[in-house]
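Got the viewer open? Let's take a walk through this one, stop by stop.

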Amino acid sequence: MPDMPHGSARFDAAVVGAGIVGCAIARRLTLLGARVAVLEKAPDILDGASKANSAILHTGFDAPVGSLEAACIREGHREYLEIRERLNLPLDRAGALVLAWTEAEEARLPELIAQSRQNGVADVEMFGRKELLDLEPALAPHVRAGFRVPRESLIDPWSAPHAYLLQALGNGATLLRDCTVTGGGFDGAEWRLETSRGPLRAGLVVNAAGLHGDRVDEMLLGTCDFRIRPRKGQFVVFDKTAARLACHILLPVPGEKTKGIVVCRTVWGNLLVGPTAEEQKDRETAALVPATLAMLRAKGAEILPALAGEEITALYAGLRPATERKEYRIRAHEGRRMITVGGIRSTGMSAALGIAVHVARLAEGLGLAPAPLVDPAWPRIENLSDGAERDWQRPGNGGILCHCELVTRREVAAALQGPLAPQTLAGLKRRTRVTMGRCQGFYCSAGLAECTKGRLAHPMVGEGDG
Amino acid sequence: MADLPESCDVLIVGGGPAGLAAAARLKRLGVGAVHLLERESETGGIPRHCAHSPYGLREFGRLMSGPAFARRLTAATVAAGAYLHRQATVTALHPGGRVSLTTPEGVAEVTARAVLLATGVRETPRAPRLVGGTRPGGVLNTGALQGLVHLDGLKPFDRPLIVGTEPVAFSALLTCRQAGMRPVAMVEPAARITARAPFRAVPLALGVPVWLGTALVAIHGTERVEAVTLAAGGTCREVSVDGVVFTGGFRPENALLRASHLAVDPGTRGPQVDQYGRCSDPAYFAAGNLLRAVETAGWCWAEGRAVGRAIVAHLAGRLPPREAAQAVTVEGAGLAWVLPQRIAPPGGPPAALPRLQVRAAKVFDGDLLLGGRRHRLVARPERRMTFDLPGFGETAIRLQPR
Ligand SMILES: Cc1cc2nc3c(=O)[nH]c(=O)nc-3n(C[C@H](O)[C@H](O)[C@H](O)COP(=O)(O)OP(=O)(O)OC[C@H]3O[C@@H](n4cnc5c(N)ncnc54)[C@H](O)[C@@H]3O)c2cc1C
Ligand SMILES: Cc1cc2nc3c(=O)[nH]c(=O)nc-3n(C[C@H](O)[C@H](O)[C@H](O)COP(=O)(O)OP(=O)(O)OC[C@H]3O[C@@H](n4cnc5c(N)ncnc54)[C@H](O)[C@@H]3O)c2cc1C
């Protein structure tokens, strides 16, 4: 790994952390004309909370009314729709059904609908049992009632942040991977950050360190007004033939702490069941637990009985950067030219673009003078979703490498190039979907090893998501 | 290689032992244009990377390794006059023998008077086994291990754990030893190994312990596997390993099939076929391990030949109508599956699947009543069992436990 290439270079803003939130902030500040550096401790971006989520682009219908979170989700959702075609990002307008399975849950529906309306999501529609079964014939017949939130949608949780960061990089931002921020000081005019790749100067620091947000605050400010309490979510992913069983995103009536266990498709045409919500101390490892996975499989079959006959394709788990309180912990530190973006717990993928706009406003308050780019570059990303035109349909694709996900040799070769080339197999998987299908590398491991020879810092063997 | 036509007499999907044998047979029996589509860059199927004997005894009268066998089969098929297309992946099956595919040149469609599906089997990967822990690199199936070792000359780890004791697990053991790895152990949740007793000699000779009554509960490590948690007799312990090989748990490679209009048998998870290997859409046939998990290469080769012969009869209009076929029904619990699942009316040529294959769901001790005959059945789920094919009108099977 080369040392800090920018030895004494000075950036207008340093974003600590390349999760989805950091990527969106880097994009926004770059478009506003700032010289931005993104510092990421892992060998690839999206290695923390953003590695694994449910991939639902929320409307914010169930967010706390009047909260910053609700506003950021609303703005984030809106901007995603606005920019997605230019960046070539997928959108599956599945719509969600909030389902009541018990009398007590049914009794809460009116309150949830009222909350939705207060959040500006007024297009919700109430349904009885029969209408629900007409809409979703595979639903278990003991469903009682529910309502539809038409604009809840599905996206690719990785292509979105990749596109945000690629646009930042394409307009002059700098990405430093394997670059852990270890300390720093503010001299009244600028920050000097200490990193594992050397020092770096910046006029403004944005802490978007996700699961390490409190630690980065402590390191740079000496204190932090929140504590990260990692909350694990495990998932079971079913094979593509299961996707026919659900048109909508099937949500339960939410509990106090979480949105509960969801059944929904993915943009790649699988069906997932999850997540759980399990508090833990460990900030790095989201371990799979067989009994919990079996519970999820059973829970899925309780909601969609036909799921019992479907095959499982993958398992995964993620960690939410929750804190002791529910709300986002976003704050500008006057006099220190630093902004903390902490506790982006369970809606960060939807809210990221909105959070970025909010952070940009705070940055202006701290003296960042915007000079928006007049004609910024709009890089297009590969749309890997089910139904999108894919490389295997085009001539000159080099032939198929991963048969289950129909990934071509040309796609893999292209992903291994450019400013965001992955250094790990996990990163290559997120960019291309190789080995993410039903055989999990049975057929393509040998071919993949050949294609990636010498290209990944961490050599390729078997599955592996870190 | 000939260009891919828009239409042909017979199209074969999959160039393993079954598909290659069928293609050669069809040509030898005088069929015009026979095209075989193989998605890998070489034909031969699984034997391409099974670098050990015994292959070829039944087919070529001598013992050879898997790769030699794959080359030999390929050469014989080319010599017979079939056209082989590599890097040609079939992506969808449509009614009446129309097939969508992709090659490095993009997408295409071919319509054939008959299509043979011969896409084989694969092993169960980690996910459906619900093993806990983290997801580091270095977790493979035997198939991937063999590919990395024999096709790429790589050594993915040094001290793996081998999970399972079907015959293929011993094949994984040999692959490890050939590449200079030293497996830490083989683990098996049951009280005895799944393969027949003589296989026990392999780990013994290699000095690899076999831990029976032991289940893999969790895998640990961030980038690479560092350890596993094993459970035996109610207690757990951690063992240091640097890789995990999940062996066996064979399942037909049926993705194409499940996405198609063809009927899938819930027992075998392969296509529902009659004694000619004919699917629910009579333009489609199937042979080889796609029909069921799992038989040997020799068996699949013979099956491919036999179904090839049935396809010739189909092209000549000499097969009895598929719509009139009767379902083979099973009364009483105990069987995982039967093959074939349909019996077409008499009057046609000899059956391509000449015996009724059944597989027990669990250990079974009792009688199987078929066509007025009583057969004593002491069955274990992994053992092959065959019976005379039921006659038309006699397709009800009854099971009576002792
Ligand atoms: C199970 C689950 C389901 C979810 N479902 C949804 C959903 O359906 N819809 C939705 O909108 N949201 C969902 N979310 C929430 C969403 O995933 C998170 O809100 C979001 O990923 C948080 O992103 P982040 O950028 O704040 O944090 P992270 O992704 O954790 O990014 C922080 C980055 O900072 C880096 N870092 C940390 N410390 C340092 C340091 N000292 N120096 C340099 N770099 C550092 C880390 O390596 C990491 O890459 C879900 C989350 C989970 C876990
Ligand atoms: C890991 C492993 C080890 C084994 N070891 C042995 C052994 O040692 N001895 C033994 O006798 N048997 C062994 N077997 C059993 C093996 O299945 C048979 O030997 C034999 O290969 C089956 O032949 P087949 O033609 O049915 O399928 P395969 O040999 O699997 O061939 C199927 C072919 O179809 C192709 N294909 C699949 N889908 C498509 C598509 N959509 N488009 C185009 N082409 C496609 C595949 O690439 C493949 O080449 C093993 C099986 C496995 C999985």
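A quick term before we set off: a salt bridge is a side-chain nitrogen of Lys or Arg within 4 Å of a carboxyl oxygen of Asp or Glu. This is a predicted model, where local features need pLDDT of at least 70, side-chain atom pairs count only at pLDDT 80 or more, and totals for chains, interfaces and linings use all residues. Residues are numbered from 1 along each chain as its sequence is written, chains are lettered from A and ligands numbered from 1 in the order in which they are written, and side-chain values use heavy atoms, with hydrogens and water left out.

**Stop 1: where the chains meet**

Select chain A and chain B together. The count of salt bridges between chain A and chain B is 3. Zoom in on Glu311(A) and Arg251(B): their side chains form a salt bridge, at 2.6 Å from N to O. Now look along the chain A side of this interface, where α7 (290-303), β17 (312-320) and α11 (445-451) are the elements that give two or more residues (helices are DSSP runs of H or I with at least four residues, strands are E runs with at least two, and both are numbered from the N terminus).

Pull back a little. Here 48 residues of chain A are in contact with 49 of chain B, contact meaning heavy atoms within 4.5 Å. About 3,900 Å² is buried between chain A and chain B, with 58% from carbon and sulfur atoms; buried area is the accessible area (1.4 Å probe) that two parts lose on being put together, summed over both.

**Stop 2: inside chain A**

Hide chain B and colour chain A by domain: domain 1 is 1-90 + 154-228 + 323-383, domain 2 is 91-153 + 230-310, and domain 3 is 391-452. These bounds come from an automatic or database domain assignment.

Keep domain 1 and domain 3 of chain A, whose C-alpha centres lie 28 Å apart. Between these two domains, 16 residues of domain 1 touch 14 of domain 3, and about 1,200 Å² is buried. How many salt bridges are there between domain 1 and domain 3 of chain A? The count is 3. Select Glu382(A) and Arg394(A) to see their side chains meet in a salt bridge at 3.7 Å, N to O. Then show helix α5 (residues 159-170) of chain A, which gives the most to the domain 1 side touching domain 3, with 4 residues.

**Stop 3: chain B alone**

Finally, show just chain B, with its 8 helices and 27 strands.
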